[in-house]
Amino acid sequence: MKKMTLSLLVASTVLLGTSAFAADWKLESTKVSTPVSMDASDGAWAKAKEVVVPLNETPYKPDGYKGITKSTAVLKSLYDDKNIYIKVQYDDPTLSTNREPWMKQADGSWKKMKNVDQTNHENTYYEDKMAFFWNINTKGFEKKGCAIACHMAKDGMNNGISDTSPGRKYTNNAGETIDMWHWKSVRTGLSTDMTDDQFVNNNTDPKVGKDWGRSGDEKLGGGDKANMNADKTAPEFMSKNADKTKTWILEEDKVPFVDTFKAGDMIPGIVVGKLSGSRGDIATQAAWKDGKWTLIFKRALVTTHPKSAEQDVQFSDLKKPYFFGISAFDNSAINHVFHEGSIELTFK
Amino acid sequence: MSIQQLNTQAKTAISLFLLFVLTATVSSVILLGLELSGKKDGLNIPTITQIQNKYTMPAIVSAMKGSMYKEVTDDADIDTVHNWIKEGSKKEGKLYDDAWKIIQTDCANCHSKSSKMSKAIPSMPFDTYEQVMTHTEAGYSWSKMSKQAHIHMFGISTFLLLVTLLFAYTTYKDSIKNALILASFGGAFLDIFSWWFSKFVPSLVYLIFVMGGLMVSSILLMSVLILANIWKKEA
């Protein structure tokens with residue numbers, strides 16, 4: 001039946017040419033005269049227009065995955081003379097922060113809790129995450145969004161290289177980069193109020209970078225490290241402030257592990273330090289309540305690190321549009337919900 | 001006898017049927033416009049260019065220009081793939097390397113037997129050269145045309161028969177009834193006839209455009225006229 005509908009009007013003008021695609025969603029950043037606090041209830045957010053973005057696609061289907069396969073994100077943005085602020089709220093019915101903890105077994109041994117899927121990625125003992133991809137100079141990003149850097153493996157091969165991961169992120173051409181803001185609830189978010197500032201280039205050599213095109217910006221300090229002894233049989237550290245940080249250990253709180261625990265007790269699997277340098281550009285306040293994550297991101301409009309031009313999106317011209325995409329990870333190492341196309345940010 | 005002599009229940013059933021026909025017809029125009037334009041919403045009246053792409057170009061190029069346009073990184077990539085096919089789709093040389101990279105980058109994430117993406121189409125894989133080659137033939141293949149033609153002709157003729165029979169028993173002038181009945185069946189036949197042969201005679205895409213429009217217009221017009229006529233009191 002659809003073929004019989006080739007044209008509604010016989011007398012229609014013969015139209016020629018191809019259609020141009022605009023961004024799928026538009027986010028306006030509203031100017032404020034004074035700096036915005038990191039409190040999500042700050043009255044300044046009432047001035048910002050919101051855009052609703054459905055996150056309804058996933059890159060693969062992990063075995064045993066129980067997380068979300070769709071969500072809805074509501075975005076707002078403000079800016080002042082120095083910084084841009086972005087508020088994101090998205091649906092995630094479960095708070096997940098127990099990232100690969102150690103659990104004491106009945107026989108007295110310790111076990112690092114894992115339940116990896118068919119691609120060796122964790123979806124049970126992990127953490128909630130969220131990510132931005134900001135185009136720096138990658139051809140096709142405005143149209144395709146994050147998908148421009150998404151390369152799925154086929155029969156265990158990716159770009160001619162044997163690989164167990166279902167997909168990799170890398171750009172298609174030398175010199176093309178994407179700024180990645182990777183908020184990780186345990187490793188950067190709730191622990192240090194930060195986002196891991198990363199970037200994507202066209203590297204496909206696992207010897208150059210284990211995450212292929214994805215790398216962290218240059219850092220001066222901080223970051224996360226697995227909490228594991230030399231034998232990999234038990235934790236190396238525990239927290240002197242265990243009641244405060246049950247699922248991670250802050251660098252400043254770590255003390256040597258002394259086993260006085262009983263079966264079933266858990267020790268965090270990660271030691272976290274506050275990122276500094278280019279990798280620590282993005283302050284983030286996060287809270288999970290009633291099935292929603294609410295995140296406030298703050299970053300300088302322009303960053304001035306040695307490699308900022310290739311690693312950070314620069315909001316240096318407030319008259320031009322900036323294109324980005326977002327995704328959310330529900331207790332999953334790499335599976336995420338994302339949207340088609342891109343979001344266009346403009347400054348008003 | 002005219003449809004005005006039917007009882008109220010019959011008139012109600014016919015009116016509801018015609019509302020279904022009107023809605024389905026408009027819906028199918030919307031669907032075709034979305035498929036040909038690659039857009040996600042709105043009424044997009046198909047253009048001659050889009051029809052040419054669909055019926056005269058290799059399927060993979062037609063898709064890159066139409067329904068899959070949003071997945072294409074750059075417009076120049078479509079030309080690269082098209083040139084590779086026009087040059088004989090050889091499995092060697094720079095054209096092949098460039099086209100293969102484009103197809104793998106823009107298409108094969110979903111068009112793969114092993115794809116688990118939300119929009120995966122494992123039934124139409126582009127994993128191998130041979131698989132891609134099945135989509136490089138210009139226009140519709142005989143197999144696809146036969147399938148499309150018989151499904152559409154059986155379906156269209158069935159509901160056209162009902163609409164035209166109803167229209168035949170309205171009280172309009174015979175000349176109007178003759179014109180619209182012939183236009184609807186004739187438009188449908190010549191439309192589908194042109195699908196077959198436009199890849200050999202490219203100018204037939206204009207016939208697809210005109211005859212498709214004639215068919216749709218006559219169906220819509222007959223449906224509206226029947227609705228206007230059936231509830232009139234007999235003279």
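**A helix in chain B and two sheets in chain A**

Colleague: Which helix of chain B is largely enclosed by the rest of the structure?
Modeller: The model is a predicted one. Of the nine residues in one helix of chain B, seven are buried, so the rest of the structure largely encloses that helix. Buried here stands for under 20% relative accessible area. The helix is α2, residues 48–56 of chain B.

Colleague: Against which helices do the buried residues of α2(B) pack?
Modeller: The buried residues in α2(B) include Ile48(B), Gln50(B) and Tyr55(B). Lys54(B) is also among them. The helices they pack against are α1 (8–37), α3 (59–65), α8 (174–197) and α9 (204–230) of chain B.

Colleague: How many helices and strands does chain A have, and what is its radius of gyration?
Modeller: Chain A has three helices and 25 strands. For its 348 residues the globule rule gives 20 Å, and the radius of gyration is close to that, so chain A is as compact as a globular protein of that length. The radius of gyration is 22 Å.

Colleague: What share of the residues of chain A count as buried?
Modeller: The C-alpha trace of chain A spans about 85 × 55 × 40 Å along its principal axes. Chain A exposes about 15,300 Å², with 51% of it supplied by carbon and sulfur atoms. Of its 348 residues, the share that count as buried is 56%.

Colleague: How far apart are the mean positions of the positive and negative charges of chain A?
Modeller: Chain A holds 47 positive and 46 negative charges. A mean position is taken for each of the two sets, and the distance between them is 2 Å.

Colleague: Which strands stand at the edges of the sheet β6-β5-β19 of chain A?
Modeller: This open sheet has three strands with antiparallel pairing. β5 (residues 102–104) pairs with β6(A) over three bridges, and Met103(A) stands opposite Lys111(A) in β6(A). An edge strand has a single partner strand, so one of its sides is left without a neighbour in the sheet. The edge strands are β6 (110–112) and β19 (266–267) of chain A.

Colleague: In the sheet β15-β20-β17 of chain A, which residue stands opposite Leu250(A)?
Modeller: The sheet is open, and its pairing is mixed. β15 (221–226) and β17 (249–250) of chain A each have a single partner strand, so one side of each lacks a neighbour in the sheet. β17(A) pairs with β20 (residues 270–276) in the parallel sense over two bridges. Opposite Leu250(A), in β20(A), stands Val272(A).

How values were computed
Residues numbered from 1 in each chain as written. Chains lettered and ligands numbered in written order. Predicted model: local features only at pLDDT ≥ 70, side-chain atom pairs only at ≥ 80, totals over all residues. Heavy atoms only, no water. Helix = DSSP H or I, 4+ residues; strand = E, 2+ residues; numbered from the N terminus. Rg over C-alpha atoms; globule rule 2.2 N^0.38 Å. Buried < 20%, exposed > 50% of the residue type's maximum accessible area, 1.4 Å probe, protein only. Areas by Shrake-Rupley, 256 points an atom, 1.4 Å probe, with all protein chains shown as cover. Lys, Arg positive; Asp, Glu negative; His and termini not counted. Charge placed at Lys NZ, Arg CZ, Asp CG, Glu CD. Pairing = 2+ DSSP bridges. Contact = heavy atoms within 4.5 Å.
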